Amino acid sequence: VAVANIALFAFNLIPAFPMDGGRVLRAVLAIPMGFTRATRAAAVVGQGLAIILGFLGLFGNPFLILIAVFIFFAASGEAGYVLARDLTRGYLAMHAMITRFEALSPLDTIDDAADLLLRTTQQELPVVDGAGRLRGVLIRADIVRALAERGGATPVVEVMTRDLGQVRETAPLDGVMAEVAKQRSGIVGVVDTVGRLVGYVSSENLSEMMAIREARALRAR
């Protein structure tokens, strides 16, 4: 038991995410570099160690290869999360939401949804009632599957994803990003003070916004 505990302690000190050693390395690097740059540097170190472990694992230890894969993707995920949080800091849902979109009515059919899919560039179609409230969403995959399995006359309310996440226009964008990640459809509705849909935030739109912000930041350096 003592040997196992010592081995776990030593393993946890490896300077790579998600082990504590990676967080210690980031804390040390953050003093001269700042948190975001330190996270990137620590992630690179962790990925380098993962490559070394993976190479050593090729000589008869497949367990090392599994550990290497785990460390490599964990480091990449940590760096991506911190970068996304940094790029969205200070922004609200209203700054990233899509405001020009076509919507479906609860009375529409899958054929109506398919026609709208062809006429627009949208990959997701909100379903909005007469009071302007979001009732659900149809994504492209749902529409195609419903056409094949149920037929075009099927009401959209039988196929749409219900209980969609909704946020206010003034919600912090980093929180919105976390909410989008929870949604199977990859979108979150943005509503005003009385609950009417004014836009929506999609994972694709968030990615585009972060790419634009990162490009502007690089240009400003």
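1. Let's start with the inside. In this predicted model, the largest nonpolar core is made of 15 residues, and the ones with the most contacts inside it are V167, L173, V176, V180, V190, V201 and L206. Two or more residues of this core come from each of α5, α8, β4 (187-191) and α9 (203-220). Helix α8 provides the largest share, four residues. Apart from this core there is another one, with 14 residues, among them I110, A113, L116 and V156.

2. Helix α8 deserves its own point. The helix runs over residues 173-182, and its buried residues are L173, V176, M177 and V180. Looking down the axis of α8, you find these buried residues within an arc of 105 degrees, so they line one face of the helix. What sits on the face turned away from the buried side of α8? That face carries A181 and K182, which are exposed.

3. Next, the charged pairs. Searching the whole structure turns up six salt bridges. One of them joins R184 to D142, with the closest N and O atoms 3.2 Å apart. R184 is in the loop between α8 and β4, while D142 is in helix α7 (residues 140-149), so this pair ties together parts that are 42 residues apart in sequence. The two ends sit in contrasting surroundings: R184 has a relative accessible area of 56% and is exposed, whereas D142, with a relative accessible area of 3%, is buried. If you want the reasoning for D142, the cut-off for buried is under 20%, so a value of 3% puts D142 in that class.

4. Another salt bridge pairs D192 with R196, and here the closest N and O atoms are 3.1 Å apart. Is D192 buried or exposed? At 11% relative accessibility, D192 counts as buried. Its partner R196 counts as partly exposed, at 43% relative accessibility. There is also a network to look at: D142, R145 and R184 are joined into one by salt bridges that share partners. So when you click on the R184 and D142 pair, bring up R145 as well, as it belongs to that network.

5. R150 and E158 make a further salt bridge, with 3.4 Å between the closest N and O atoms. E158 counts as partly exposed, at 48% relative accessibility.

6. On to the rings. How many aromatic pairs are there? The count comes to three aromatic pairs. One of these is F72 with F73, an edge-to-face pair with 5.7 Å centre to centre and 80 degrees between the planes. F72 has 30% relative accessibility and counts as partly exposed; F73, at 58% relative accessibility, counts as exposed.

7. F101 and Y200 are also an edge-to-face aromatic pair, at 5.4 Å centre to centre with 70 degrees between the planes. Why does this pair tie together parts that are 99 residues apart in sequence? F101 lies in the loop between α5 (93-96) and α6 (110-119), and Y200 lies in strand β5 (residues 197-202), so the pair links those parts. F101 is partly exposed, with a relative accessible area of 21%. The cut-off for buried is under 20%, so F101 at 21% is partly exposed rather than buried. Y200, by contrast, has a relative accessible area of 2% and is buried.

8. Y200 also serves as one end of a distance across the model. The other end is L29, and the C-alpha atoms of L29 and Y200 are separated by 38 Å, with their positions 171 residues apart along the chain. L29 is found in helix α2 (residues 20-33). L29 is partly exposed, with a relative accessible area of 22%.

9. Last, the surface. Which residues make the nonpolar surface patch of about 580 Å²? They are I52, F55, L56, L58 and F59. Of these, L56 is found in helix α3 (residues 35-57). L56 has a relative accessible area of 44% and is partly exposed. Patch residues need over 30% relative accessible area, and L56 has 44%.

Conventions
Residues numbered from 1 in each chain as written. Predicted model: local features only at pLDDT ≥ 70, side-chain atom pairs only at ≥ 80, totals over all residues. Heavy atoms only, no water. Patch = residues over 30% accessible without salt bridge, like charges linked within 9 Å, V, L, I, M, F, W, Y side chains within 5 Å. Areas by Shrake-Rupley, 256 points an atom, 1.4 Å probe, with all protein chains shown as cover. Salt bridge = Lys/Arg side-chain N within 4 Å of Asp/Glu carboxyl O. Buried < 20%, exposed > 50% of the residue type's maximum accessible area, 1.4 Å probe, protein only. Phe/Tyr/Trp six-rings, centres within 6.5 Å; stacked < 30°, edge-to-face > 60°. Arc of directions from axis to C-beta. Core = buried A, V, L, I, M, F, W, Y, C linked by side-chain atoms within 4.5 Å.
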